[in-house]
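Colleague: Could you walk me through one part of this predicted model up close? Please start with a pair of strands, then carry on to any residues you would like to point out.

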Amino acid sequence: MNFQPQPSPLVNDRGQVALGVFPDTVSLVNGRDADYRTPMGSRAGAMARHFHYKQFQYFGIISDDLLAGCALAHTAWLGMAFFYVFEPKTGTLKEYTWRSPLGRDLQMSNSPREGRSRFQQKGVDIELGYQDNNGALTKTLAIALDGLQLQATMEEGSDYQPMSLCTRTGVNGWVYANKVAGKTVTGTLTRAGNTQTLEALGACGHHDFSAGYMRRETFWNWACLSTEADGKRIGLNLSCGVNETTFSENCLWVDDVMIPTDGVMFDYQRDDLMQPWRIRSLCGRVDLTFTPSGNHRERLNLGLFASNFNQLFGRFDGELRLDDGSTIAISNRFGFVEEQYAKW
């Protein structure tokens with residue numbers, strides 16, 4: 001992998017944004033310090049700099065018996081949070097969505113290394129935390145709802161290689177994305193007084209920290225896997241439609257080593273998302289079939305702001321091929337795929 005020099009912070013004192021794939025997680029994503037321009041090249045005004053800037057953070061938990069996901073999103077116009085718990089054996093899906101005009105109830109960290117993001121309304125308190133202990137990063141998720149509490153911790157460790165990149169978007173934008181998968185998750189989930197430990201479930205996790213001046217209107221697919229196979233910790237992060245200008249976020253992890261992949265094809269039936277998906281990388285490293293078993297869906301159309309979001313949970317089957325010619329069989333392993341249209 002040819003990395004670009006590690007920036008700190010992402011935007012320098014002249015407003016220039018570092019672009020490329022970096023060897024480590026960026027310490028400060030100071031996006032609003034960027035020299036943001038109009039399409040005609042003049043400096044954008046304060047309103048555009050504020051309302052065009054978007055932030056998104058997500059923590060996912062995967063096991064054979066339980067899948068959960070929590071996201072915080074700040075579009076400047078609207079703050080959003082969602083959380084769901086899906087139980088594959090019964091097909092039971094419990095899902096929640098909260099919204100906050102202008103993001104008044106939402107605080108977003110500008111660092112994926114140190115800080116916290118928090119959403120608070122009556123009856124809901126969600127916090128995503130980021131800690132750096134001498135280069136060993138920890139991500140935490142705490143959720144307190146009526147009748148439900150979740151405490152989850154994902155330790156990256158000092159040897160883990162994240163996908164850390166910044167790409168151009170459109171005529172004057174950019175996005176920084178930090179992706180993590182293939183790590184174990186510890187903690188507890190308490191519902192109606194009954195507590196489950198995530199360790200006993202064999203839970204693995206994945207995380208997404210994205211921020212920047214994103215395209216005003218876009219559509220993408222995404223796939224993520226976080227599991228163990230052939231005695232190794234396996235992570236997968238694949239997308240099509242975002243973060244593909246010059247550099248790409250597509251990669252897999254074997255233990256703590258990040259391995260980039262080429263572009264990815266998502267073959268599926270848009271009129272029936274619950275039919276099997278075929279996901280293949282052009283380099284041949286990834287050849288998987290995804291069979292959905294549940295769907296968390298968000299639909300919102302407010303004119304200036306719209307979202308048609310489907311995150312499907314299900315099982316991956318197929319194989320991953322490494323550079324030495326060896327393969328890792330993926331059989332009946334839970335993960336996620338996503339289809340989203342966004343106008344923001």
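**A hairpin and two strand residues**

Modeller: Happy to! Let's begin with valine 254, which stands opposite valine 257 in β18. That pair belongs to a wider arrangement: strand β17, residues 251-254, and strand β18, residues 257-260, run antiparallel to each other and are joined over 4 bridges. The hairpin they make has 2 residues between the strands, and aspartate 255 adopts a positive phi near 55° there. Keep in mind that this is a predicted model, so please read that angle as a computed value.

Next, have a look at lysine 139, which is placed in strand β9, spanning residues 136-145. Its relative accessibility is 1%, and because the limit for buried is under 20%, lysine 139 counts as buried. What surrounds lysine 139, once neighbours within four places in sequence are left aside? Its contacts include Phe59, Pro112, Tyr130 and Met154, along with Glu156, Asn178 and His207. Gly129, Ala152, Thr153 and Val180 are also among the residues in contact with lysine 139.

Threonine 190 makes a nice follow-up, sitting in strand β12, which covers residues 173-191. With a relative accessible area of 16%, threonine 190 is buried, because that value falls under the 20% limit. Leaving out residues up to four places away in sequence, threonine 190 touches Gly147, Leu148, Gln149 and Thr195. The last of these deserves a zoom: the side chains of threonine 190 and threonine 195 are joined by a polar contact of 2.8 Å.

Definitions and conventions. Residues numbered from 1 in each chain as written. Predicted model: local features only at pLDDT ≥ 70, side-chain atom pairs only at ≥ 80, totals over all residues. Heavy atoms only, no water. Buried < 20%, exposed > 50% of the residue type's maximum accessible area, 1.4 Å probe, protein only. Contact = heavy atoms within 4.5 Å. Pairing = 2+ DSSP bridges. Polar contact = N/O pair within 3.5 Å; in protein donor to acceptor, adjacent residues only side chain to side chain.
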